[in-house]
Amino acid sequence: MSDNTELIQLILNRDELNEKDQEKYFNTINGVIKQTAKSLKIKYDTFSIMNVDSIITEDDFLNLCWDIVEGSDDNEHRLIDKLQSKLQDIDFPDDNRLKSYLRKTFERLFLDKIYGIFPDFQTRIKQVSRVMKPLCIKTKGKESSSKGDVWQLKDYDDAVNIPTLAQLKEYTSKIAMPDITYPKSEDGQRGASIKDNDMKNYMVEIFRAAGGVIYKKDIDSLISHLFCMEQISSSKSDISNQSDGDNEKANQEDSFNAPFSTDTVMPPCCYIIMAEQCINTMDEQMKEILYYIYVKELDQGVVAKKIGKSESSVTKIKQKVEKHIGKYIQNDSSEFSYQEGKIIFKLIIELIIEKRQVL
């Protein structure tokens with residue numbers, strides 16, 4: 001077999017391979033999958049919307065890809081069967097082209113995972129591409145090998161200094177976000193929406209602030225930062241006191257249904273601002289009750305002893321806190337959905353934790 005068509009020949013003769021060639025076939029495909037997994041981890045971890053391992057582990061990714069390639073014998077959609085058909089039509093001149101096809105196929109499997117968890121990410125990526133492509137030309141930059149093409153506004157000259165992602169985030173902090181319409185119910189069929197013209201105007205402002213040029217990967221990262229819920233693994237130390245509250249958790253159910261978890265959610269800037277404003281309108285006693293009951297998960301009797309109040313007083317303060325947060329999130333001028341209300345409540349808890357840690 002020629003080195004440049006070895007994998008092609010292995011796939012064409014998949015059903016008749018001897019033991020040595022079978023091993024070579026599996027090792028080669030496995031290598032392509034692992035190479036794809038490595039590049040995906042580098043690419044999507046830097047979007048800051050997720051820890052890739054929290055979406056799918058390398059072992060699970062291997063299994064997922066092999067299920068697509070081989071599957072069961074009665075599977076009519078096995079990739080190996082499609083490849084054999086394609087290869088007979090000489091669609092792939094060499095192994096390099098075939099491996100590129102396989103990497104794109106495997107990456108699509110991973111993207112399906114991302115889009116299933118972060119549907120707004122896919123929506124915003126497509127929208128920005130749709131509204132900006134007519135206004136931009138694509139060129140190559142010094143970091144194009146890792147960051148993709150440079151998107152440059154047509155009415156701008158070539159830029160010497162292309163801004164970093166950190167600089168882009170700073171620019172956007174001074175530009176008003178476009179109006180976002182959210183579904184009114186948690187099970188709404190449509191996600192958040194932004195008018196194309198509003199998104200176009202917003203992105204043009206960002207491009208102009210950036211000197212007219214941005215790397216494609218940084219555009220995607222910025223979209224994640226601005227519009228998508230960014231799921232990351234928290235590195236906080238253990239701040240919950242399970243021993244004090246293990247036997248009383250049944251009494252700690254709250255109307256928000258958003259208990260503290262070390263898997264934090266980092267949403268767009270407007271959520272964070274709202275959470276901070278809500279906390280700033282609480283007195284210290286309310287913050288203290290919020291911390292002991294929702295973070296430490298302590299029984300109200302234990303909380304009463306800690307703050308020198310009766311249990312009935314603690315209950316009243318707890319109800320006051322819940323009413324205060326609920327009213328703040330669901331005021332008449334707010335268009336936040338039920339799910340967003342839960343996110344904001346979770347952010348309030350996160351901010352309370354941070355404030356307690358610096359005391």
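**Exercise 1. How many bridges join strand E1 to E2, and do the strands run parallel or antiparallel?**

A quick note before the solution: this is a predicted model, where local features need pLDDT of at least 70, side-chain atom pairs count only at pLDDT 80 or more, and totals for chains, interfaces and linings use all residues. Residues are numbered from 1 along each chain as its sequence is written, and side-chain values use heavy atoms, with hydrogens and water left out.

Step 1: Find the strands. Helices (H or I, at least four residues) and strands (E, at least two) are DSSP runs, numbered from the N terminus.

Step 2: Look at E1 (residues 136–139) and E2: 4 bridges join them, and they run antiparallel. Two strands pair if DSSP finds at least two bridges between them.

Step 3: Pick out a facing pair. Isoleucine 137 sits opposite glutamine 152 in E2.

**Exercise 2. In what order do the strands form the open sheet?**

Step 1: Add E3 (residues 213–215), which is joined to E2 by 3 bridges, again antiparallel. Here glutamine 152 stands opposite valine 213.

Step 2: Read off the order, E1-E2-E3. E1 and E3 are at the edges with a single partner strand each, so one side of each has no neighbour in the sheet.

Step 3: Check the twist: neighbouring strands are turned by 25 degrees against each other on average, direction ignored.

Step 4: Add the helix. H11 packs on the sheet and touches E2 and E3 (contact means heavy atoms within 4.5 Å).

**Exercise 3. Are the residues on the faces of strand E2 buried or exposed?**

Step 1: On one side of E2 (residues 150–153), take Val150 and Gln152; on the other, Trp151 and Leu153.

Step 2: All of them are buried, meaning under 20% relative accessible area (exposed is over 50%, partly exposed in between; 1.4 Å probe, protein chains only).

**Exercise 4. Which residues make the contact of H9 with H11?**

Step 1: From H9, list Leu165, Leu168, Lys169 and Thr172.

Step 2: From H11, list Asp218, Ser221, Leu222, His225 and Leu226.

Conventions: Axes are lines fitted to C-alpha atoms, for helices over the stretch in contact, and angles run from 0 to 180 degrees between N-to-C directions.
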